[in-house]
Amino acid sequence: MDRSFTQVIDLRSDTVTKPTPAMRQAMAEAEVGDDVYGEDPTVNRLEALVAEMLGKEAAVFVSSGTMGNLISVLSHCGRGDEMILGDRAHIFRSEAGGTAALGGVHPHTIPNRADGSLDLADIEAAIRSDNEHYPTTKLVCLENTHNFCGGRVLPVDYMDAVGELAHGRGLKLHVDGARIWNAAVALNVSPARLLAAADSVSVCLSKGLGAPVGSVVAGSADFIHRARRNRKIVGGGMRQAGVIAAAGIVAVTEMVERLADDHANAQTLAQGLAATEGIAINPAEVETNLVFFEVTQEGMSAAQLSAGLKERGVLINATGATRLRAALNHHVSAGDVQRTLSAVRDVLTSGAGQPVGQGFVYN
Ligand code: TLP
């Protein structure tokens with residue numbers, strides 16, 4: 001076993017990325033003010049910039065993707081209203097039920113297809129008629145890229161079609177765009193075009209773009225007015241937040257195009273894994289920076305493979321009994337991908353590690 005590694009390769013998530021030197025410098029020099037008074041010039045600049053990039057009238061800076069989705073849903077729906085979303089949506093699975101806990105919003109899940117999309121006929125069928133027994137349908141949520149469906153990309157025509165369906169029935173469309181930048185780069189379209197049909201979107205600065213903290217919600221001026229109030233309700237007014245918004249400005253101006261490198265590295269990793277006995281993956285399904293794969297070797301669980309990789313300096317989360325996810329990011333080079341492949345092959349041939357605790361992260 002090679003224990004001579006000097007640097008850990010961290011593929012657990014793109015959320016583990018640390019700020020670049022340019023971000024740290026921008027943070028140190030950021031002009032700040034009280035953002036709850038609307039007086040932080042750096043936050044104001046970030047919000048205007050991101051609103052423009054996303055093709056929306058206005059935007060509001062929030063602390064996380066979870067907060068962005070939460071205040072978006074709270075701004076579209078009241079208590080007892082219903083939102084239609086996929087059964088593998090991050091909002092449904094991994095945000096602690098916040099929309100129900102804090103907003104009383106009823107989730108109506110329909111199956112996500114393998115590519116992250118929702119069948120238009122399923123959406124149509126899920127929309128409630130006007131009947132006193134039913135909740136009132138207000139919102140459809142999409143996720144692009146779709147995390148738990150493998151980082152798959154929803155294309156422009158599909159986004160437009162869902163928007164047309166929702167609007168035709170008097171509903172709003174919210175997009176969990178935590179990785180919208182990856183989607184736009186993969187499709188080679190502007191995020192604004194991709195989101196043309198969306199009434200609101202929450203985008204993350206702290207995933208592949210590498211900012212230390214922060215997300216932005218964008219939509220119409222009226223929607224953002226309500227979102228600001230809901231941000232206040234959940235305690236998200238952040239005062240001199242320009243210190244972190246400054247890193248966000250660097251993220252959206254300098255870190256978007258290079259996501260193509262992460263996608264290329266993800267594809268190399270997927271192809272190497274496909275050529276590895278004991279692993280199953282279809283590289284054609286890897287469209288962005290997330291690489292989900294199965295361990296098929298007799299007697300080896302995903303948690304054991306993950307533990308064995310950790311002993312070799314490679315961190316990859318098990319996300320199920322036999323499933324793992326590697327998230328490429330700006331700290332991981334093409335050389336690191338080769339080292340990762342060697343480590344996987346080494347574990348498969350020379351024995352697994354002992355998983356600690358439940359052994360996998362299901363989030
Ligand atoms: N995703 C995290 C974990 O929670 C799974 C990750 O490592 O991928 N929407 C999507 C699609 C996400 O993947 C995430 C985080 C969020 C929202 C929430 O963002 P944060 O962590 O900023 O609250």
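**A tour from the ligand outwards**

Select the ligand to begin: 15 residues surround it, and S13, G65, T66, D176 and R179 come nearest (a residue counts as near if one of its heavy atoms lies within 4 Å). You are looking at a predicted model, where local features need pLDDT of at least 70, side-chain atom pairs count only at pLDDT 80 or more, and totals for chains, interfaces and linings use all residues. Residues are numbered from 1 along each chain as its sequence is written, and side-chain values use heavy atoms, with hydrogens and water left out.

Next, show the side chains of three residues. Ligand oxygen atoms lie 2.6 Å from a side-chain N or O atom of T66, 2.7 Å from one of S13 and 2.9 Å from one of R325. On its own the ligand has 500 Å² of accessible area, and the protein covers 85% of that (Shrake-Rupley method, 1.4 Å probe).

Now colour the surrounding shell by class: you will find 8 polar, 6 charged and 1 nonpolar residues. Then pick out helix 3, residues 65-76, which gives the most to this shell, with 3 residues (helices are DSSP runs of H or I, at least four residues, and strands are runs of E, at least two).

For a last stop, leave the ligand and select E82 and R128. Their side chains meet in a salt bridge, 2.7 Å from N to O (a side-chain nitrogen of Lys or Arg within 4 Å of a carboxyl oxygen of Asp or Glu). E82 sits in strand 3 (81-86) and R128 in the loop between helix 6 (120-126) and strand 5 (136-143), so the pair ties together parts 46 residues apart in sequence. The structure holds 16 salt bridges.

Definitions and conventions. Polar contact = N/O pair within 3.5 Å; in protein donor to acceptor, adjacent residues only side chain to side chain. Nonpolar A, V, L, I, M, F, W, Y, C, P; charged D, E, K, R; others polar.
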